[in-house]
Amino acid sequence: MDLQLRHLRCLVAVVDTGTFTDAAGELGISQAAVSRGVAALEEALGVRVLQRTTRHGTLTATGTQVLAGARRVLEEVAHLQRVAEAERQRSELRVGYAWAALGKHTRRVQRAWATGHPGTPLVFMHINTPTAGLSDGTADVAVVRRALDDPRFETALIGTEARCAAVATDNPLARRRTLHLRDLVRYPVAIDARTGTTTLNLWHPEPGPATVRTTHSVDEWLTLIAAGQAVGITSEATANQNPRPGVAYRMLRQAPPIDVWLAWWRDGPPADLDALVRLSRNAYGILGR
């Protein structure tokens with residue numbers, strides 16, 4: 001016989017109320033059904049969990065351990081039910097990003113969305129994971145700037161962004177209006193391989209930097225650069241959304257642009273997704289979907 005949640009509820013109710021009769025009242029079923037539920041639990045587990053009298057049940061040593069596990073299982077189930085209920089009642093559309101949302105276009109998209117969807121706030125959330133909160137359900141949609149090779153997700157290209165260099169304001173490179181990739185190779189380069197957009201392939205076939213400083217978030221990346229311990233390369237959106245004292249952003253010449261995508265669960269696209277894609281593409285100057 002399969003172990004079922006109702007069997008666990010019968011055991012917990014008997015222990016908490018003290019009798020099979022009171023447990024039946026608590027669960028809204030007959031006393032016989034409670035007794036059958038406990039018996040079914042014991043049959044499924046192959047052990048006795050209660051020593052029965054006419055109306056009462058006393059936990060066995062094994063039953064004490066089973067009871068603790070039953071409470072944990074039922075609490076986890078209750079948590080899942082609360083999560084699902086909150087999701088059903090939620091009215092906002094959550095957009096995750098790891099580095100810079102939509103850069104200079106973020107505010108424009110939010111304003112246009114608020115005009116067309118006044119009852120559904122568009123909320124941008126900084127989530128430092130490769131899927132920007134999409135994989136764990138924290139976000140409904142994600143802004144990604146690197147390939148998302150996962151069949152669970154679908155993506156739509158919404159625009160492209162130029163690359164720029166980030167250097168300390170007291171670095172001689174900060175005196176120049178624009179830079180080239182080769183200008184950076186004599187410095188340590190900060191790279192966030194988990195969520196960033198910079199790889200050593202950017203310099204191919206020319207020699208790349210001799211030293212790479214690994215970082216794990218945009219804040220760590222900026223702190224390293226402001227201290228003069230490294231330089232960095234990023235999207236122009238980072239410069240727009242993450243100004244930092246001590247850090248100067250300079251446009252990079254002849255560097256490939258960065259594609260910007262919106263991503264969502266293939267089997268569960270959020271409501272009004274088409275509208276968000278359309279607004280984002282319009283902001284970046286791409287028409288249609």
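How many bridges join strand β7 to β12, and in which sense do the two run? In this predicted model, five bridges link β7 (residues 163-168) with β12, and the pair runs antiparallel. If you look along this pair, you will find V167 opposite A248 in β12.

**Two open sheets**

Strands β7 and β12 belong to an open sheet of six strands, ordered β8-β12-β7-β11-β9-β10, with mixed pairing. At the edges stand β8 (178-180) and β10; each has a single partner strand, so one side of each has no neighbour in the sheet. From one strand to the next, the twist averages 40°.

Now turn to an open sheet of five strands, which follows the order β4-β3-β5-β13-β6 and also has mixed pairing. Here the edge places go to β4 and β6, each with a single partner strand, so one side of each is left without a neighbour in the sheet. On average, neighbouring strands of this sheet are turned by 25° against each other, direction ignored. Within it, β6 and β13 are joined by eight bridges and pair in the antiparallel sense. A156 is a handy place to start looking, as A156 stands opposite L262 in β13.

Helices lie against these strands too. Helix α5 lies across β3 and β4, and runs at about 150° to β4. Helix α8 packs on the sheet as well, where α8 touches β3, β4, β5, β6 and β13; the direction of α8 makes about 20° with that of β6.

**What sits in the cores?**

The largest nonpolar core has 22 residues, and L122, L262 and L276 have the most contacts inside it. Several elements supply at least two residues each: β3 (93-97), α5 (106-116), β4 (122-126), β5 (141-144), β6 (153-161), β13 and α8. Of these, α8 gives the most, with six residues. L122 shows how such contacts bring together parts of the chain: leaving aside neighbours within four places in sequence, L122 is in contact with L93, V95, V109, Q110, W113 and L276. There is also a second, separate core of 18 residues, which includes L8, V12, L41 and L50.

**Two helices that cross**

Have a look at helix α2 (residues 20-27) and helix α3 (residues 31-45), which pack at an angle of about 100° with their axes 8 Å apart. Because of that angle, α2 is roughly perpendicular to α3. On the α2 side, F20, T21, A23, A24 and L27 take part, and they meet Q31, V34, S35 and V38 in α3. The residues of this contact divide into six nonpolar, three polar and no charged.

**Unusual backbone spots**

Most residues other than glycine have a negative phi, and most peptide bonds are trans. A few places in this model go the other way.

| Place | Backbone feature | Location |
|---|---|---|
| H204 and P205 | cis peptide bond, omega about 5° | P205: loop between β9 (189-191) and β10 (212-214) |
| Q254 | positive phi, near 55° | loop between β12 (247-253) and β13 (258-265) |
| D272 | positive phi, about 65° | loop between β13 and α8 (273-284) |

Are Q254 and D272 buried or exposed? Q254 is exposed, because its relative accessible area is 71% and exposed means over 50%. D272 has 37% relative accessibility, so D272 counts as partly exposed.

Key
Residues numbered from 1 in each chain as written. Predicted model: local features only at pLDDT ≥ 70, side-chain atom pairs only at ≥ 80, totals over all residues. Heavy atoms only, no water. Helix = DSSP H or I, 4+ residues; strand = E, 2+ residues; numbered from the N terminus. Buried < 20%, exposed > 50% of the residue type's maximum accessible area, 1.4 Å probe, protein only. Axes fitted to C-alpha atoms, helices over the stretch in contact; angles between N-to-C directions. Parallel < 35°, antiparallel > 145°, perpendicular 65-115°, else oblique. Contact = heavy atoms within 4.5 Å. Nonpolar A, V, L, I, M, F, W, Y, C, P; charged D, E, K, R; others polar. Pairing = 2+ DSSP bridges. Core = buried A, V, L, I, M, F, W, Y, C linked by side-chain atoms within 4.5 Å.
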